[in-house]
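Trainee: I have a model open and want to learn to read it. Where do we begin?

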Amino acid sequence: MTERPDDVLPEEADGTAATDGTDGLGEEELAAARRAARRDGFAVGLATAVYGISFGALAVAAGLDVWQTCFLSLVMFTGGSQFALVGVLASGGVAAGGSAIATAAMLGIRNVIYGMRMKPLVTPPDADGRPASVWRRVAAAWITIDESTAVALAQSDDRAARTGFWVTGVVIFIGWNLTTLAGALIGDAIGDTRAWGLDAAAAAAFLGLLWPRLKRFQAGAVAVGAAVVATLTTPVLMPGLPVLVAAVVAVVVGWFDLFSRRRAA
């Protein structure tokens, strides 16, 4: 009879894993990690939800009514795409509807990538190996956004990550829809939004969302290139189309990995 090596845990003797993503943390550490995740989720959720006021006012300024604005936040629920949609509508009206939808859809593609990354983490199978319920998966997909993904991935173990994901997503979903209603009512009450400068505020709000993401050289270069292309094509193309043409800059840079190749050389 041979002895089992001391560094092999009992759960590993038959080939099964001895960890569930907790990285050997004790119960106290796990509880502390989950509390930290809840704090992060509430802090990020409340801060993000405030932007809904801006979106509600800007959507009304772009020509949507209060109920259309609220429905958009309820169903679409992805801030960057929503700001892009109302920004294009504000510049081109109903005639730019197709371009507005295409622009918002392109920005929304990132949520699909988030979903592929987050699905195994936030909707794992149960102890018997059965997949998570349909409702849980639908709810997770609905709140898979920049902030919920970021908070989840910042945690130290899987259970804390799930806590951070759900707290962040639910807080933002509820808060965003409430503040959207408030902003839409404010925008509807002030009448001529152009007199208050809201006709140009959509672009400013979207720039505010984009700015923190321009820390890397490649991202900054793409932003500058896209801005130049959009500026040159705006006088000759109908509203909304310059945004789509400018997006080609990001596609080309990403596809050929231009700046990384130059650094390697």
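Mentor: Begin with how helices are named. Helices are DSSP runs of at least four residues, numbered from the N terminus. Keep in mind that this model is predicted.

Trainee: Which helix holds Ser81?

Mentor: Ser81 sits in helix H4, residues 79-92.

Trainee: Is Ser81 buried or exposed?

Mentor: Buried means under 20% relative accessible area. Ser81 has 0%, so it is buried. Set aside its neighbours within four places in sequence, and Ser81 is in contact with Met76, Ala104, Leu107, Gly108 and Arg110.

Trainee: How many Å should helix H10 span?

Mentor: Count 1.5 Å a residue. H10 has 17 residues, 217-233, so it should span 24 Å. Its end C-alpha atoms are 24 Å apart, which agrees.

Trainee: Which residues of H10 are buried?

Mentor: Gly220, Val222, Ala226 and Thr233 are. Look down the axis of H10: its buried residues fall within an arc of 165°, so they line one face of the helix. The face turned away from that buried side carries exposed Phe217, Val224, Thr231 and Leu232.

Trainee: Now pockets. How is empty space found?

Mentor: Rolling a probe the size of a water molecule over the atoms shows where empty space is left. Here, the second largest pocket holds about 330 Å³. Its lining has 20 residues, and the closest to its centre are Asn111, Ala140, Ala141, Trp142 and Thr144.

Trainee: Which helix gives the largest share of that lining?

Mentor: H5, with nine residues. Helix H6 (134-142) supplies at least two. By type, the lining divides into eleven nonpolar, seven polar and two charged residues.

Conventions. Residues are numbered from 1 along each chain as its sequence is written. This is a predicted model: local features need pLDDT of at least 70, side-chain atom pairs count only at pLDDT 80 or more; totals for chains, interfaces and linings use all residues. Side-chain values use heavy atoms; hydrogens and water are left out. On a 1 Å grid over the protein atoms alone, a cavity is a set of points where a 1.4 Å probe fits but cannot get out, and a pocket is an open set with protein on both sides within 12 Å along at least five of seven lines; lining residues have an atom within 4 Å of a point. Grid points are joined across faces, edges and corners, and a volume is the space filled by probe spheres set on the points. Ala, Val, Leu, Ile, Met, Phe, Trp, Tyr, Cys and Pro count as nonpolar, Asp, Glu, Lys and Arg as charged, and the others, Gly among them, as polar. The expected span of a helix is 1.5 Å times one less than its number of residues. Buried means under 20% relative accessible area, exposed over 50%, partly exposed in between (1.4 Å probe, protein chains only). The arc is that of the directions from the helix axis to the C-beta atoms. Contact means heavy atoms within 4.5 Å.
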